[in-house]
Amino acid sequence: MTIFSSSPTWEQERKFFHILTVRERPHIFRLQAFPLKGFTLIEVVLSLGLCSFALISLISLLPVSLKAAKKSVEIARTAKLTQQMVAELSQSRFTNLVALSGAVIERTYDYDGNPTTNSNSVHFTLTARIHGTTTLPGAADTSSSLARVEIEVKTPDRTSPNRIAIVLSDLGY
């Protein structure tokens, strides 16, 4: 049994198949009328996994960078305090420095590098040991115009202190 008496036109064929599609398979009509727009569940899960992996990688770097920043601040403050002590000793009279031979100068500073006497807020302990006249490496005799000073900076975070030894000379004043 033929539905069309003659060969159908394009318009008749389209209408016929459209009716069959709607009556026999209504879900196909809905898919054709409203095409899917958006992402599938797999795409969403993969993109969330990728984003979470990137975020976790970035967040895991924070403690390392904070520790490095804290260490660099501590090194800078240690250098500043040591430089202040060296400048103070360099500006004092050499005869006074030699007279302090064997003396130990100890100063305490808070985390910001400010002098403190409160034992609860001490972060840096700076100790200077003054040795009177000294000998330069390779020299045969002791020079009366040179004084050796050892400066040690201790912080609660480090097990071993930072040490520096300097030699100050008599500049005639």
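Colleague: Let us start with E150: is it buried or exposed, or something in between?

Modeller: E150 counts as partly exposed, at 26% relative accessibility. Please keep in mind that this is a predicted model.

Colleague: Which side chain does E150 meet in a salt bridge?

Modeller: The partner is R148, and the N to O distance between the two side chains is 2.6 Å. R148 is also partly exposed, at 29% relative accessibility.

Colleague: How many salt bridges are there by this rule?

Modeller: The count is five. One of them joins D112 to R77, with 3.8 Å from N to O. D112 belongs to the loop between β1 and β2, whereas R77 is in helix α4; the pair links distant parts of the chain, 35 residues apart.

Colleague: Why is D112 classed as partly exposed?

Modeller: Its relative accessible area is 47%, and the partly exposed class runs between the buried limit of 20% and the exposed limit of 50%. R77 falls into that class as well, because its relative accessible area is 22%.

Colleague: And which residue forms a salt bridge with R107?

Modeller: That residue is E88, and the closest N and O atoms of the pair are 2.7 Å apart. R107 is in strand β1 and E88 is in helix α4, so this salt bridge ties together parts that lie 19 residues apart in sequence. R107 is partly exposed at 27% relative accessible area, and E88 is partly exposed at 39%.

Colleague: Which residues are linked in a network of salt bridges?

Modeller: E152, K154 and R163 form that network.

Colleague: Changing topic, what is the order of elements from the N terminus on?

Modeller: The order is α-α-α-α-α-β-β-β-β, which amounts to five helices and four strands. The chain has 173 residues, of which 18% count as buried. Among contacts with a separation of 6 or more, 44% are between residues 24 or more positions apart.

Colleague: Helix α4 has come up twice. How many residues has it, and what length does it reach?

Modeller: Helix α4 covers residues 62–91, which is 30 residues, and reaches 43 Å from its first C-alpha to its last. The expected value is 44 Å, so the two are close.

Colleague: Which residues in α4 are buried?

Modeller: They are E74, T78, L81, T82, M85 and L89. Several of these are spaced three or four places apart, as T78, L81, T82, M85 and L89 show in their numbering. An α-helix has 3.6 residues a turn, so residues three or four places apart point the same way.

Colleague: How many residues are in the largest nonpolar core, and which have the most contacts inside it?

Modeller: That core has 17 residues, and M85, L89, L126 and V149 have the most contacts inside it. The elements that each give two or more residues to the core are α4, α5, β1, β2, β3 and β4. As a general point, nonpolar side chains tend to be buried together in soluble globular proteins.

Colleague: What is M85 in contact with, leaving aside its neighbours in sequence?

Modeller: Beyond four places in sequence, M85 contacts I105, R107, L126, A128 and I151.

Colleague: Now α3. How many of its residues are buried?

Modeller: The count is zero among its 20 residues, and the helix is hardly covered. Its end C-alpha atoms are 28 Å apart, which agrees with the 28 Å that 20 residues should span at 1.5 Å a residue.

Colleague: How do the axes of α3 and α4 cross?

Modeller: They come within 4 Å and cross at roughly 20 degrees. Angles under 35 degrees count as roughly parallel, and α3 and α4 are therefore roughly parallel to each other. The contact is made by L58, I59 and S60 of α3 with L62, P63 and V64 of α4.

Colleague: Back to the loop between β1 and β2: where is the place of Y111?

Modeller: Y111 is in that loop and is partly exposed, with a relative accessible area of 32%. Apart from neighbours within four places in sequence, Y111 touches K70, V73, R77, S121, H123 and F124. Its C-alpha atom is 7.2 Å from that of V122, eleven residues away along the chain.

Colleague: Finally, T127: buried or exposed?

Modeller: T127 is buried, at 5% relative accessibility, and is placed in strand β2. Not counting residues up to four places away, T127 touches V104, I105, E106, E150, I151 and E152.

Conventions:
Residues numbered from 1 in each chain as written. Predicted model: local features only at pLDDT ≥ 70, side-chain atom pairs only at ≥ 80, totals over all residues. Heavy atoms only, no water. Buried < 20%, exposed > 50% of the residue type's maximum accessible area, 1.4 Å probe, protein only. Core = buried A, V, L, I, M, F, W, Y, C linked by side-chain atoms within 4.5 Å. Contact = heavy atoms within 4.5 Å. Salt bridge = Lys/Arg side-chain N within 4 Å of Asp/Glu carboxyl O. Axes fitted to C-alpha atoms, helices over the stretch in contact; angles between N-to-C directions. Parallel < 35°, antiparallel > 145°, perpendicular 65-115°, else oblique.
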